[in-house]
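Trainee: I would like to learn how to read a protein model one feature at a time. Could you take me through it slowly?

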Amino acid sequence: QVRLVESGGGLVQAGGSLRLSCAASGGIFNIHTMGWYRQAPGEQRDLVATISGSRTTYADSVKGRFTISPDNAKNTVSLRMNDLKPSDTAVYYCFAAVATNVDRRYYSDYWGQGTQVTVSS
């Protein structure tokens with residue numbers, strides 16, 4: 001069973017930095033895309049950043065401040081968040097499009113449990 005585990009959330013003052021990490025494990029044949037969404041209270045879940053091979057995409061609201069990158073560990077990605085703003089406060093969810101060893105033909109989306117990021121003004 002595929003499992004995504006996030007770490008690195010917390011409380012930070014505006015202008016500060018945090019680094020989130022997401023590790024995927026469990027019967028993985030291949031990962032096509034990994035990334036992060038976030039959801040603030042009462043809001044929908046929005047895309048923050050994705051990485052697929054060497055290609056990255058970012059929400060306009062985080063461009064120039066956030067960087068997504070692969071970690072040295074296999075199937076792990078990090079999200080470096082700089083110049084954080086109170087509007088970045090949300091639960092951050094890692095996702096991955098995974099083909100498993102059980103069925104290598106298809107990719108399915110898997111999600112982590114979420115990690116809270118709170119930015120104080």
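Mentor: Let us begin with Gln39, which lies in strand β4, and keep in mind throughout that this is a predicted model.

Trainee: Is Gln39 buried, partly exposed or exposed, and why does it count that way?

Mentor: Accessibility is judged against cut-offs, with buried meaning under 20% relative accessible area and exposed meaning over 50%. Gln39 has 27% relative accessibility, so it counts as partly exposed.

Trainee: Which residues does Gln39 touch, if those up to four places away in sequence are not counted?

Mentor: With those set aside, Gln39 touches Gln44, Arg45, Ala90, Val91 and Tyr93. With Arg45 there is also a polar contact from side chain to side chain, at 3.5 Å. The chain can also bring residues together that are separated in sequence, and here the C-alpha atoms of Gln39 and Asp88 are 9.5 Å apart in space, although the two residues are 49 apart in sequence.

Trainee: Thr33 is in strand β4 as well; is Thr33 buried or exposed?

Mentor: Thr33 counts as buried, because its relative accessibility is 12%, and the cut-off for buried is under 20%. Its contacts, leaving out residues up to four places away in sequence, are Thr50, Ile51, Ser52, Phe95, Ala96 and Ala97. The side chain of Thr33 also makes a polar contact, at 2.7 Å, with the side chain of His32.

Trainee: How should I read the nonpolar residues, and which have the most contacts inside the largest nonpolar core?

Mentor: The general idea is that in soluble globular proteins, nonpolar side chains tend to be buried together. In this model the largest nonpolar core has 29 residues, and those with the most contacts inside it are Met34, Trp36, Val48, Phe66, Leu79, Met81 and Tyr92. At least two residues of this core come from each of β3, β4, β5, β7, β8, β9 and β11, and β9 gives the most, with 5 residues.

Trainee: How many bridges join β7 to β8, and how do these strands run?

Mentor: Strand β7, residues 66-70, is joined to strand β8, residues 76-81, by 5 bridges, and the two run antiparallel. One of the pairings links Pro70 to its bridge partner in β8, Val77. The hairpin of these strands has 5 residues between them, and Asn75 lies in that loop.

Trainee: What should I look for in the backbone angles of a loop residue such as Asn75?

Mentor: Look at the sign of phi, since most residues other than glycine have a negative phi. Asn75 has a positive phi, near 60 degrees, without being a glycine, and its relative accessible area of 23% makes it partly exposed. Asp83, in the loop between β8 and β9, is not a glycine either, and its phi is positive at about 50 degrees. Asp83 counts as partly exposed, because its relative accessibility is 41%.

Trainee: Where does Ser121 lie, and is Ser121 buried or exposed?

Mentor: Ser121 lies in the segment after β11, and it is exposed, because its relative accessible area is 87% and the cut-off for exposed is over 50%. An exposed residue can still have contacts from elsewhere in the sequence, and Ser121, leaving aside its neighbours within four places, is in contact with Ala14 and Pro86. The C-alpha atoms of Ser121 and Val12 are separated by 9.1 Å, while the residues are 109 apart along the chain.

Notes. Residues numbered from 1 in each chain as written. Predicted model: local features only at pLDDT ≥ 70, side-chain atom pairs only at ≥ 80, totals over all residues. Heavy atoms only, no water. Pairing = 2+ DSSP bridges. Helix = DSSP H or I, 4+ residues; strand = E, 2+ residues; numbered from the N terminus. Buried < 20%, exposed > 50% of the residue type's maximum accessible area, 1.4 Å probe, protein only. Contact = heavy atoms within 4.5 Å. Polar contact = N/O pair within 3.5 Å; in protein donor to acceptor, adjacent residues only side chain to side chain. Core = buried A, V, L, I, M, F, W, Y, C linked by side-chain atoms within 4.5 Å.
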